[in-house]
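Please look over the sequence and the 3D structure below. A short report on selected parts follows them.

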Amino acid sequence: MNGKAAISRTAVLGGGAWGTALALAALHAGHAVRLWARDAQMAAAIAKGENPRYLPGISFDTGIASTTDLQAALADADCVLSVTPAQSLRSVLSEVKAHIRPGIPLVLCAKGIERETGALLSSIVTEILPGNPVAVLSGPSFAADVARGLPTAVVVAAGDDALAMDLAARFSARNLRCYSSDDVIGVELGGALKNVFAIAAGAVVGAELGASAQAAMVTRGFVELRRLGAAFGAQPETLMGLSGLGDLMLTCSSTQSRNFTYGVALGRGESLEGRPLAEGVPTAAIAARLAARHGVEAPIISAVAAILAGAITVGEAVEALMTRPLKHENTI
Ligand SMILES: NC(=O)C1=CN([C@@H]2O[C@H](COP(=O)(O)OP(=O)(O)OC[C@H]3O[C@@H](n4cnc5c(N)ncnc54)[C@H](O)[C@@H]3O)[C@@H](O)[C@H]2O)C=CC1
Ligand SMILES: O=C(CO)COP(=O)(O)O
């Protein structure tokens, strides 16, 4: 790959589905990989080429050096992938701070917005690790697909274009094509908000409202993404790209998505206890507040937040969305 450094020493934080898949992708791109998992059993299993809890039924190459020792994972890393859930980022980084070398880029791979503060994840990195450049990796990429070696494309964004291009070159491999971008906010907003719309699309499917309603919901969700993107200064082209439209298409239509299946359960009136991680749940609540704070019309995000808070039913949300004042379609 053009411009790829001879050997990258990559630390991956998080032993879940996506951390494991990205560690494998980095291994296949020729990196020396150390993965930090907080759970010793998980770390041991990953070293043996399996992650039965988060990637059941998939066996993969050994070669990932996994550890529960954060200091050891970070010791000589020249790049760090942060792959624990969005709401844990602040606490994880406060531990990382003591061990990461200055100047080493931290690549955010989680998708969400901090529920308590409304902070975008990149701003949390800048706040806690001011000496480390931040990048974001996002796009349509189910962990199981990537771990199985199936092909996909993602985007890596950094404020410094040269860093984005360097990271994209380093992480590209036969089954992972990485584009570069300088639009950090656009890339992270797309990844965070698509999860909320995936819950909405899933609820439509769960409530058996039909494929037409599903397509209409996703399309109008995309309008809300464009509106919020404009308020946050995202480039419109970014939202049309892999981390916006690309990931929206994937997660709003596939039962492989945890956010989509969460929505399906919601639409069916099933129990939501003990389900896998659905990042759209905490993000919906704060995204609705951010939209209100910025004066952005976001009725779907607000409806998802209200349903999740138990304030309205899926049926009431659909009724409210269908009876909103009529308007020109292109009103942003
Ligand atoms: N699974 C997927 O297909 C993809 C996931 N992502 C994003 O990656 C992030 C992580 O997702 P997954 O790996 O799929 O989740 P997961 O539920 O499979 O794994 C999460 C991992 O993080 C660990 N963890 C949770 N809180 C922690 C903390 N405070 N400190 C240390 N470790 C902690 C858990 O023990 C677990 O190993 C999410 O933001 C998700 O949206 C992004 C692209 C694809
Ligand atoms: O972000 C993802 C694929 O790009 C994974 O989506 P889920 O978290 O909804 O499973």
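The report covers one strand and its partners, the annotated positions, and the surroundings of two ligands. The model is predicted.

**Strand 7 and its partners**

Strand 7 spans residues 152-158. Five of its seven residues are buried, so the rest of the structure largely encloses strand 7. Strand 6 (residues 134-138) pairs with strand 7 in the antiparallel sense, over four bridges. The pairing of strand 7 with strand 8 (residues 176-181) is parallel and has six bridges.

V155 shows both pairings. V155 is the bridge partner of S138, and Y179 is the bridge partner of V155 in strand 8. A helix also belongs to this part: strand 7, helix 7 (residues 161-171) and strand 8 form a right-handed β-α-β unit.

T152 lies in strand 7. T152 has 17 other C-beta atoms within 10 Å, and burial takes 20 or more, so T152 is partly exposed. The contacts of T152, leaving out residues up to four places away in sequence, are P140, S141, D145, V146 and L176. L248 is 96 residues from T152 along the chain, and their C-alpha atoms are separated by 15 Å.

**Annotated positions**

Which residue does UniProt give as "active site"? The unreviewed entry places this feature at K194. K194 sits in helix 8 (residues 184-206). With residues up to four places away in sequence not counted, K194 touches D247, L248 and T251.

The unreviewed UniProt entry also lists a "binding site" feature, at K111, G139, S141, K194, D247, S257, R258 and N259. Two of these residues, S141 and R258, are described next.

S141 is in the loop between strand 6 and helix 6 (143-147). Neighbours within four places in sequence aside, S141 is in contact with V146, T152 and V154. R258 belongs to helix 12. Outside the four places on either side in sequence, R258 touches P276, L277 and A278.

The table gives the burial of K194, S141 and R258.

| Residue | C-beta neighbours within 10 Å | Class |
|---|---|---|
| K194 | 32 C-beta atoms | buried |
| S141 | 23 C-beta atoms | buried |
| R258 | 21 C-beta atoms | buried |

Why does R258 count as buried? The cut-off is 20 or more C-beta atoms within 10 Å, and R258 has 21, so R258 meets it.

**Around ligand 1**

How many residues surround ligand 1? There are 26, and the closest are G16, W18, S88, A110 and A143. Helix 1 (17-28) and helix 4 (89-96) are the elements that give two or more residues to this shell. Helix 1 gives the most, with three residues. By class, the shell around ligand 1 has 13 nonpolar, nine polar and four charged residues.

**Around ligand 2**

Ligand 2 has 13 residues around it. S141, D247, S257, R258 and N259 come nearest. These five residues also appear in the UniProt "binding site" list of the unreviewed entry.

Which elements supply at least two residues each to the shell around ligand 2? They are helix 8, helix 11 (242-251) and helix 12 (258-268). Helix 11 gives the most, with three residues. The shell around ligand 2 divides into four nonpolar, five polar and four charged residues.

Note on methods:
Residues numbered from 1 in each chain as written. Chains lettered and ligands numbered in written order. Predicted model: local features only at pLDDT ≥ 70, side-chain atom pairs only at ≥ 80, totals over all residues. Buried ≥ 20, exposed ≤ 12 C-beta atoms within 10 Å, placed from the backbone. Pairing = 2+ DSSP bridges. Right-handed = clockwise from strand over helix to strand, strands pointing away. UniProt positions renumbered as here; feature names shortened; annotations may be inferred. Contact = placed C-beta atoms within 7 Å. Near = placed C-beta within 6 Å. Nonpolar A, V, L, I, M, F, W, Y, C, P; charged D, E, K, R; others polar.
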